[in-house]
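Trainee: I keep meeting labels in structure write-ups that nobody explains. Could we go through one model and ask what earns each label?

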Amino acid sequence: MQWEQVLATRSQRMKASEIRELLKLLDQPDIISFAGGIPDPDLFPVQAFSDAMTEAMASDEAAGALQYSVSEGYLPLRRWIAADMARLGVPCDADNILITSGSQQALDYLGKLMISPNDTVLCGWPTYLGALSAFNAYEPHFEQLTPNGNVSAAEYAQRAQAAGGRAKFAYLSVDFANPTGETLGAQARAQVLDLAAELDIAIVEDAAYQALRYDGTAIPPILAMEIERCGSIEQARTIYCGSFSKTLAPGLRVGWVCAAKPVIERLVLMKQASDLHSASLNQMVVAQVAQTVMTEHVALLRATYKARRDQMLAALAREMPEGVRWTQPEGGMFVWVTLPAKFDGAALLAASLEKERVAFVPGSAFFADGSGANTLRLSFSCATPEQIDAGIGRLAALIKRMA
């Protein structure tokens, strides 16, 4: 069979994730990996999950845990999330919450909901590769989002029209972004709100790393800032995507969307047509673990990852040659490195794997236009202090030889 004859044209835009491919290297014991932006499995609250699983199977809700359920998600979990959102400055109720199979599913649904072919998505340059992959299937045009006002709303609208559609939403991760580790300041967040209002577009706020702050003062989410302006989540254009993957465990695939009810209602219809509902047992277990250990567990994550971040920043400062720059993240899992213009991150990775056995992610994967060849992403979340020192030392030595 000639499959090309029956596949949708959008399938030609689908590409393998460079990060998912690099994760296969983790099985090679001699590789020091700064590639996967994943939580350290040694920090998973295994006992809490084991206890919650046992309790769920022994309780009156055991049958419900194994049965089909409502698409919106497990009500006690949605209530817990709503209360946690209120703590962040987002007053809402359970009907403003949809449980998804990780926040990645939320991004896919939002792309499907809002993007028609040739519509424009505003995003960072660079931005999260998973978001580009999720949106790309719906055939958008990408434009670089500049929150500082360098590009006017009128110019964005003109560019969108020239691309054959209209601007639909701005996508951004405002806290310790993947891949740069950078945080968007309060003024820039306000400017994004102003721009979105002028263009009359939505904002998709990806908050996967929001809880992992190690330094500085927390800044309210864009959704919280918008509610301060408009008075209610029901009037807000911002759609907040959260996840338990970076705080509790990614394997259970539990994330959520918090938004105005009309948005949630549309997304529920999509979930009904997609996977019916996220796994009931997983939701029940996450609800129990979140209620019992979330506060102390997040404190452990912050202390552990902060130490690893500090170790990596110190190693970079000590080892890297002149002309190499990197970010100073206040939280999250990533440091973004910019090399002199002559370097190509993909070529550097190939040489690093062959000669130094050190893995990272070349930065061009995070740019919608494929630029940024001289950049790379380093993750410190799963590396020991000894691995960080050795790996950064080897990588720096290779960069010096290739300069």
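Trainee: What is the order of the strands in the open sheet of 7 strands?

Mentor: Keep in mind that this is a predicted model. The order runs β2-β8-β7-β6-β5-β3-β4, and the pairing is mixed. On average, neighbouring strands in this sheet are turned by 25° against each other, direction ignored.

Trainee: Why do β2 and β4 stand at the edges?

Mentor: Each of them has a single partner strand, so one side of β2 (97-100) and one side of β4 (141-144) is left without a neighbour in the sheet.

Trainee: How do you know that β6 and β7 pair?

Mentor: Two strands pair if there are at least two bridges between them. β6 (residues 202-206) and β7 (residues 238-243) have 4 bridges, in the parallel sense. So with at least two needed, β6 and β7 count as a pair with their 4. Within β7, Thr238 is the residue opposite Ile203.

Trainee: What lies across β6 and β7?

Mentor: That's α9, which also lies across β5 (167-172) and β8 (255-258). Its angle to β7 is about 145°.

Trainee: And which residues make the contact between α9 and α8?

Mentor: First the geometry: the axes of α8 (residues 186-199) and α9 (residues 222-230) come within 10 Å and cross at roughly 65°, and the crossing is right-handed. From α8 you get Ala186, Arg189, Ala190, Val192, Leu193 and Asp194, and from α9 Ile222, Met225, Glu226 and Arg229. That contact splits into 6 nonpolar, no polar and 4 charged residues.

Trainee: What makes 3 residues polar where α5 meets α6?

Mentor: Gly is counted as polar in this scheme. The contact includes Gln104 and Gly111 of α5 and Gly130 of α6, so those are the polar ones, as Gly is put with the polar group. The full split is 4 nonpolar, 3 polar and 1 charged. α5 (residues 102-114) and α6 (residues 129-136) pack at about 35°, with axes 8 Å apart.

Trainee: How do you know that Asp344 caps α12?

Mentor: A side-chain oxygen of Asp344 lies 3.1 Å from the backbone nitrogen of Ala346, at the N-terminal end of α12. A polar contact needs N or O atoms within 3.5 Å, so the 3.1 Å pair qualifies. Just after α12, Arg357 takes a positive phi of about 60°.

Trainee: Which residues of α12 are called buried?

Mentor: In α12 (residues 345-356) they are Gly345, Leu348, Leu349, Ala351, Ser352, Leu353 and Glu356. The word means under 20% relative accessible area, so Glu356 carries the label by falling under that cut-off.

Note on methods. Residues numbered from 1 in each chain as written. Predicted model: local features only at pLDDT ≥ 70, side-chain atom pairs only at ≥ 80, totals over all residues. Heavy atoms only, no water. Axes fitted to C-alpha atoms, helices over the stretch in contact; angles between N-to-C directions. Helix = DSSP H or I, 4+ residues; strand = E, 2+ residues; numbered from the N terminus. Left-handed = near helix turned anticlockwise from the far one by under 90°. Contact = heavy atoms within 4.5 Å. Buried < 20%, exposed > 50% of the residue type's maximum accessible area, 1.4 Å probe, protein only. Polar contact = N/O pair within 3.5 Å; in protein donor to acceptor, adjacent residues only side chain to side chain.
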